[in-house]
Amino acid sequence: MKFYQKEIKLKAYNRGFHLVTEEILYAFPELKKIKVGMCQIFIKHTSASLTVNENADPTVRTDFESHMNVMVPENAPYYIHTYEGPDDMPAHIKASLMGASVQIPISNGRLNLGIWQGVYLCEHRDHASGRNLVITAFGE
């Protein structure tokens, strides 16, 4: 069994949901060496998250952002953790709801995603710097 791991830094993105599949594939060519296996992508931050969803229609990403902002509003009167700005505590909650990692099967050296699927960086802060991902792939 082969194991590969790499930490990459994504460019800074604005708040919202962004397709980063191609950035991940470009930065991790070792994936091509695995015929059958798994890939885990983990984000090393508490105010951004990852998910897999629609890769074709960008309005899906816009709707995700709109819905998350209704579901987890800024300036809720019960927030205690407020010293890092009004977007910080909601960003922590959104990150926990969405998750810190995704696992995707590898088949013939490629991520075995559905035709309409891609990996999203879910950026929950207004002014975040680049985000660090740890990509681990293993298999035969």
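## A tour starting at asparagine 69

Select asparagine 69 and arginine 15 to begin: their side chains make a polar contact at 2.8 Å. Keep in mind as you click around that this model is predicted.

Stay on asparagine 69 for a moment. You'll find it in helix α2, which covers residues 58-71. Its relative accessibility is 26%, so asparagine 69 counts as partly exposed. Leaving aside residues up to four places away in sequence, asparagine 69 touches Arg15 and Lys94. For a sense of scale, add valine 20: the two C-alpha atoms are 21 Å apart in space, and the residues are 49 apart in sequence.

**Next stop: arginine 15.** Which residues does arginine 15 meet in salt bridges? One is glutamate 74, with the closest N and O atoms 2.5 Å apart. This pair links distant parts of the chain: glutamate 74 lies in the loop between α2 and α3, arginine 15 in the loop between β1 and β2, and 59 residues separate them. Glutamate 74 is partly exposed, at 28% relative accessibility.

Now show aspartate 126, whose side chain also meets that of arginine 15 in a salt bridge (2.8 Å, N to O). Here the gap in sequence is 111 residues, with aspartate 126 in the loop between β7 and β8. Aspartate 126 counts as partly exposed because its relative accessibility is 33%. Add Glu65 to your selection and you have one network, in which salt bridges that share partners join Arg15, Glu65, Glu74 and Asp126.

**Over to lysine 44.** The model has eight salt bridges, and another one to look at pairs the side chains of lysine 44 and glutamate 7, at 3.2 Å from N to O. Lysine 44 sits in the loop between β3 and β4, while glutamate 7 is in strand β1, 37 residues away in sequence. Both ends are partly exposed: lysine 44 at 43% and glutamate 7 at 45%.

**Then histidine 18.** Is histidine 18 buried or exposed? Its relative accessibility is 17%, so it counts as buried. Histidine 18 belongs to strand β2, residues 16-19, and its side chain reaches the backbone oxygen of asparagine 14 at 2.6 Å.

**Last, the core.** In soluble globular proteins, nonpolar side chains tend to be buried together. Select Ile24, Ile41 and Leu133: among the 24 residues of the largest nonpolar core, these touch the most other members. Strands supplying at least two core residues each include β1, β3 and β8. A second, separate core has five residues, among them Phe17 and Tyr120.

Methods
Residues numbered from 1 in each chain as written. Predicted model: local features only at pLDDT ≥ 70, side-chain atom pairs only at ≥ 80, totals over all residues. Heavy atoms only, no water. Helix = DSSP H or I, 4+ residues; strand = E, 2+ residues; numbered from the N terminus. Buried < 20%, exposed > 50% of the residue type's maximum accessible area, 1.4 Å probe, protein only. Polar contact = N/O pair within 3.5 Å; in protein donor to acceptor, adjacent residues only side chain to side chain. Core = buried A, V, L, I, M, F, W, Y, C linked by side-chain atoms within 4.5 Å. Contact = heavy atoms within 4.5 Å. Salt bridge = Lys/Arg side-chain N within 4 Å of Asp/Glu carboxyl O.
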